[in-house]
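Work through the exercises below with the sequence and the model side by side. Try each task before reading its solution.

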Amino acid sequence: MKTLKKIAVLALMLFTTDAFAADMAGLIAQAPEQAMTFKREGDKLFRMGDTEGAIASYQKAVASDTKLSAAWFNLAIARYTKRDLEGTREALEQVIRADADDAESHYNLGCLLLYAGDMDKARAHFDKASHCAQVEPIVSEQLTRATTYLNFLETCSPSQRREILRLLQDGLEPIGSN
């Protein structure tokens, strides 16, 4: 979307015809609508079990509208399904950039950071999730369990903590979809 806007601005500066300006404005206005179309396509593919196709559609959606947090979130879920934890983390960070009050994304990012052994950052995201304006009851319950687990890990020795986190990583469960 940013690239399209830059091209449009440059083109408007170079070619100042009214018809051209109207065409460019129309293209820019279509981007959010096109992004939702790609997101819905990704949702359909994901439900059908085509995770790779879903990832490609979600990537097109976020390329069309970088602020479409639902597409970023679903991209995170699809990447998580493929065990692409780095890609999952990046997508969740984009959700939070687009919507800093997304409690579920803070929670899920906190879980990924916990799995990676970064307990301080995990706690920070759990805290942010608990302070978001709209925390759904299920997320609130999950936050309570995650914080309790994090508190337990902090009482363990470093070697015990590493082993527990290794076992946790081996048994990752899927996260939910919007």
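**Exercise 1. Classify R89 by exposure, then find its charged partners.**

Step 1. R89 has a relative accessible area of 22%. That makes R89 partly exposed, since buried means under 20% relative accessible area, exposed over 50%, and partly exposed in between (1.4 Å probe, protein chains only). The model is predicted: local features need pLDDT of at least 70, side-chain atom pairs count only at pLDDT 80 or more, and totals for chains, interfaces and linings use all residues. Residues are numbered from 1 along each chain as its sequence is written, and side-chain values use heavy atoms, with hydrogens and water left out.

Step 2. Look for a salt bridge (a side-chain nitrogen of Lys or Arg within 4 Å of a carboxyl oxygen of Asp or Glu). R89 pairs with E86, at 2.1 Å from N to O. E86 is partly exposed, at 41%.

Step 3. Check the spacing. R89 and E86 are three residues apart in helix α5 (residues 85–98), so about one helical turn separates them. Helices here are DSSP runs (H or I, at least four residues; strands are E, at least two), numbered from the N terminus.

Step 4. Look the other way along the helix. E93 also forms a salt bridge with R89, with the closest N and O atoms 2.5 Å apart. E93 and R89 are four residues apart in α5, about one turn of the helix. E93 is partly exposed, with a relative accessible area of 25%.

Step 5. Join the pairs. Shared partners link E86, R89 and E93 into one network. Side chains of opposite charge can pair when their charged atoms come close.

**Exercise 2. How many salt bridges does the whole structure have, and how far apart are the closest N and O atoms of D118 and K121?**

Step 1. The search of the whole structure finds eight.

Step 2. For D118 and K121, the closest N and O atoms are 4.0 Å apart. D118 is partly exposed, at 26% relative accessibility.

**Exercise 3. Which residues of α8 are buried, and why do they line one face?**

Step 1. Measure out the helix. Helix α8 (residues 137–155) has 19 residues and spans 28 Å from its first C-alpha to its last. The expected span is 27 Å at 1.5 Å a residue, taken as 1.5 Å times one less than the number of residues.

Step 2. List the buried positions. They are V139, L143, A146, L150 and L153.

Step 3. Look down the axis. The buried residues of α8 fall within an arc of 85 degrees, so they line one face. The arc is that of the directions from the helix axis to the C-beta atoms.

Step 4. Turn to the other side of α8. P137, R145 and T155 are exposed there.

Step 5. Find the cover. What covers the buried residues of α8 includes α6 (103–115), α7 (119–130) and α9 (158–170).

**Exercise 4. Is A61 buried or exposed, and what is it in contact with?**

Step 1. A61 is found in helix α3. At 0% relative accessibility, A61 is buried.

Step 2. Set aside neighbours within four places in sequence. A61 is then in contact (heavy atoms within 4.5 Å) with A35, F38, K39, L68 and A71.

Step 3. Compare sequence with space. A61 and R40 are 21 residues apart in sequence, and their C-alpha atoms are 9.1 Å apart.

**Exercise 5. What is the phi of R83, and where does R83 lie?**

Step 1. Phi is near 65 degrees, a positive value in a residue other than glycine. Most residues other than glycine have a negative phi.

Step 2. R83 sits in the loop between α4 (69–81) and α5. R83 is partly exposed, at 43% relative accessibility.

**Exercise 6. Where is confidence lowest in the protein chain, and where is it highest?**

Step 1. Start with the chain. Its mean pLDDT (the predictor's confidence in each residue, from 0 to 100) is 82, and 78% of the residues reach 70 or more.

Step 2. Go by element. Helix α1 (residues 2–14) is lowest, at a mean of 50, and helix α3 (residues 51–64) is highest, at 96.

Step 3. Look at residues 8–13. Their pLDDT is below 50, and beyond near neighbours in sequence this stretch has five contacts in the model. Where pLDDT is low, the predicted coordinates should not be read in detail.
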